[in-house]
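Open the model in your viewer and keep the backbone visible. The stops below concern backbone geometry.

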Amino acid sequence: MLQNDLDYFSEIMKEESMIDKRLRKTIRSTVPLLGGMAMGAMAFFGASHSAQGTTIVAGSDYVYTPADQSSLFEFPDPLGLVYFKGVPTFAGGTDTIVQRQGDCTFVSGTCTIPIEVTGLELMSYGSVPGILATLDGNNASTGTMTINDNGTFSSSFTLFAVATGGPLPGEVNIQKTFTATGNWTDTPLAGTPLVRADYPDQDANCHNLIGPGCLDSDVTGDGMNDSDFFLTGRVLHTAPGAEHTITPVPEPLTILGSVTALGFGTFFKRKLRKNKKA
């Protein structure tokens, strides 16, 4: 009886040893594959940043202000909180321009450059419509931006603006210091308005005249490929009593709203024509 138990136990140990050997073989063959897949995933998801050169060249960011109550300013009573949206004015129907006024050469993965808001056209809507906010031509809206080579950035600037029209009795001067954080890439999102010009034109956001892409060559003479700068999504600028949200491309809801409004307009025109015929 005891011998039978020992023989049975010995057989089990042999089977476990064989399973263990097979398992080790499987692991040895699978780990390199998983490692390759992981590296491939890292290369895929990090491509937009690993391709970035040692220098991000100076240029301008053309952005949109969505009409979704994410941009606001608190006026004195009785107006109180007023919501703003963009007025299509600049390239691609954008309403705000932020100019990066220096080349960003990374030192230990970061750099800080001067910036200036060079374009602003916003209009109030909702319960307090008709107020136009533009830049104050007598004071430059300047600040700094810190760009990191991991695809993040932060900025701070003092905005000097003038509000006129609507229920305002006269011109209202605005001075607010805004701060923001966000993400960037060297490749523009689909739908980003491109202003092409040769380096070092700071009014351009794409320093590649022929395309189809933007900058991917050494124009600064540092021996490495340089690149342009583009936002990857929404950025919220905040200040006491004020917020300003910008996007690099027109958002689907805004486009859908325009199409819907156009559709309703066509419907009511047809209905009106039918009523007149009746």
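The model is predicted. As background, most peptide bonds are trans, and most residues other than glycine have a negative phi. The tour visits departures from both habits.

Start in the loop that runs between strand S3 (72-74) and strand S4 (81-86), and select Pro 78 there. Add Asp 77 to the selection: the peptide bond joining Asp 77 to Pro 78 is cis, with omega at about 10°.

Next, go to the loop between strand S11 (172-185) and strand S12 (216-217), where Pro 200 sits. Show Tyr 199 as well. The bond from Tyr 199 to Pro 200 is also a cis peptide, and its omega is near 15°.

Now turn to phi. Select Gln 69, in the loop between strand S2 (59-63) and S3. Gln 69 is not a glycine, yet its phi is positive, at about 65°. Is Gln 69 buried, partly exposed or exposed? Its relative accessibility is 49%, so Gln 69 counts as partly exposed; the exposed class requires over 50%.

The last stop is Ser 108, in the loop between strand S6 (104-105) and strand S7 (110-125). Ser 108 is another residue other than glycine with a positive phi, here near 55°. Turn on the surface to see its setting. Ser 108 counts as exposed because its relative accessibility is 79%.

To review the stops, select Pro 78 with Asp 77 for one cis bond, Pro 200 with Tyr 199 for another, then Gln 69 and Ser 108 for positive phi.

Terms used: Residues numbered from 1 in each chain as written. Predicted model: local features only at pLDDT ≥ 70, side-chain atom pairs only at ≥ 80, totals over all residues. Heavy atoms only, no water. Helix = DSSP H or I, 4+ residues; strand = E, 2+ residues; numbered from the N terminus. Buried < 20%, exposed > 50% of the residue type's maximum accessible area, 1.4 Å probe, protein only.
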